[in-house]
Amino acid sequence: MALELYLDLFSQPCRSVYIFAKKNNISFDFKKLSLLDGEFTHYGEDFGKISLIRKVPALRDGDFCLAESIAIMLYLAEKFKTPDFWYPADLQQRARVNEYLSWQHTAIRMHGSEIFCLRLMIPKVMGVEIPEDKMNAALDDLNSSLKLVEEKFLQDRPFIAGDQISLADLVAIVEIMQPVGAGVDVFEGRPKLSAWRDRVQEAIGKELFDEAHQYILGAQESVKSMDSSKMQVFKPKILRLFM
């Protein structure tokens, strides 16, 4: 049985797994899901056998199933012996990668996702506009996280762990591109962050980078044609998290 990856490329973690597998020439069966198209495959019984937490990304490798993007990429790195720079053997470089991966969940990921939801998803699903003060507070949180990416994690290095791209940079770029998909240019006025993005894009390859991000960068148009009635399943979660 071929390696299977269940992915929705509107999702930041899914994009990181997709890029990592493609860049390293790992053969896989792409099981495409799309929540914005009203596909809820991951809520079905069959997907529940692959991932009990019913979230993407998910991996199936024969009888072995795995959830969580970072766990999946580390599994792929070990199994397919990907180049060392992705998850360096050097103790301190690996520590840099681990430090960023440990931090990002409740910082840049949370704040970028919040902007995406406030600007696009909530107006579509809830039919309401977000108050200006709430949006400004969310932008302040995002800006604080972006400042830490520059000043704490990048500093004067080309990449987070040193001179070469790593899993930390890959996870960072997909998260930072999420608010861009909602119309927020996070790179404006940030030359250091912009230069880092260009280096990451070059290391990944522009064609693959654009391929992975074409859906999120077209999100504003996609949301306009989305059937909001199919998205009502998310209403309780949105109310709990953002309203």
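This report walks through the fold, helix packing, aromatic pairs and a few backbone oddities of a predicted model.

**Overall picture**

The protein chain has 11 helices and 4 strands. Of its 243 residues, 50% are buried. Take the contacts with a separation of 6 or more, and 72% of them come from residues 24 or more positions apart.

**How the helices pack**

Three helix pairs are worth a look, and here are their angles and axis distances.

| Helix pair | Angle between axes | Axis distance |
|---|---|---|
| α4 and α7 | roughly 30° | within 8 Å |
| α4 and α5 | about 40° | 7 Å |
| α6 and α8 | about 75° | 10 Å |

Let's start with α4 and α7. Their axes cross at roughly 30°, and angles under 35 degrees count as roughly parallel, so α4 and α7 are roughly parallel to each other. The crossing in which α4 passes α7 is left-handed. On the α4 side, the residues involved are Val97, Tyr100, Leu101 and Gln104, and they meet Leu167, Ala168, Val171, Ala172 and Glu175 in α7.

Next up is α5, the helix of residues 108-126, which packs against α4 at an angle of about 40°. That makes α4 oblique to α5. From α4 the contact takes in Tyr100, Trp103 and Gln104, while α5 supplies Ile108, Arg109 and Met110. Tyr100 and Gln104 turn up here, and they are also among the α4 residues that meet α7.

Then there's α6 with α8 (residues 191-204), packed at an angle of about 75°. This pair is roughly perpendicular. Leu146, Val149, Glu150 and Leu154 of α6 make the contact with Lys192, Leu193 and Trp196 of α8.

**Rings and charges**

A search of the whole structure turns up 10 aromatic pairs. One of them is Phe10 with Tyr215, a tilted pair at 6.3 Å centre to centre, with 55° between the planes. What does this pair tie together? Phe10 sits in the loop between β1 (4-7) and α1 (12-23), and Tyr215 sits in helix α9 (residues 206-217), so the pair bridges parts that are 205 residues apart in sequence. As for accessibility, Phe10 is buried, with a relative accessible area of 12%, whereas Tyr215 is partly exposed at 31%.

Tyr100, already met in the helix packing, pairs with Phe153: the ring centres are 5.1 Å apart and the planes stand at 90°, so this one is edge-to-face. It links distant parts of the chain, with Tyr100 in helix α4 (residues 91-104) and Phe153 in helix α6 (residues 132-154), 53 residues apart. Both Tyr100 and Phe153 are buried. Phe153 also has a lysine for company: Lys152 lies over its face, at 5.7 Å from the ring centre.

Elsewhere, Tyr18, Phe28 and Phe30 form one aromatic cluster. And over at Phe187, the charged end of Arg197 sits over the ring, 4.3 Å from its centre.

**The α6-α7 loop and its surroundings**

Gln155 and Gln164 both belong to the loop between α6 and α7. Gln155 has a phi near 50°, a positive value in a residue other than glycine, and is partly exposed at 34% relative accessibility. Gln164 is partly exposed too, with a relative accessible area of 47%.

Which residues does Gln164 touch, leaving aside those up to four places away in sequence? They are Phe85, Phe159 and Asp169. Gln164 also lies 9.1 Å from Val200, C-alpha to C-alpha, with their positions 36 residues apart in sequence.

Another pair to check is Ala95 and Ala161: they are 66 residues apart in sequence and 8.3 Å apart in space, C-alpha to C-alpha. Ala95 is in helix α4 and counts as partly exposed, at 42% relative accessibility.

**Backbone oddities**

Where is the cis peptide bond that involves Pro57? It joins Val56 and Pro57, with omega at about 5°. Pro57 is in the loop between α2 (45-50) and β3 (58-61).

Asn25 is another non-glycine residue with a positive phi, this time near 55°. Its place is the loop between α1 and β2 (29-32). Is Asn25 buried or exposed? At 72% relative accessibility, Asn25 counts as exposed.

Definitions and conventions. Residues are numbered from 1 along each chain as its sequence is written. This is a predicted model: local features need pLDDT of at least 70, side-chain atom pairs count only at pLDDT 80 or more; totals for chains, interfaces and linings use all residues. Side-chain values use heavy atoms; hydrogens and water are left out. Rings of Phe, Tyr and Trp (its six-membered ring) pair if their centres lie within 6.5 Å; planes under 30 degrees apart count as stacked, over 60 as edge-to-face and the rest as tilted. Helices (H or I, at least four residues) and strands (E, at least two) are DSSP runs, numbered from the N terminus. Buried means under 20% relative accessible area, exposed over 50%, partly exposed in between (1.4 Å probe, protein chains only). A charge sits over a ring if NZ of Lys or CZ of Arg is within 6 Å of the ring centre and within 35 degrees of the ring normal. Contact means heavy atoms within 4.5 Å. Axes are lines fitted to C-alpha atoms, for helices over the stretch in contact, and angles run from 0 to 180 degrees between N-to-C directions. Angles under 35 degrees count as roughly parallel, over 145 as roughly antiparallel, 65 to 115 as roughly perpendicular and the rest as oblique. A crossing is left-handed if the near helix is turned anticlockwise from the far one by less than a right angle, and right-handed if clockwise.
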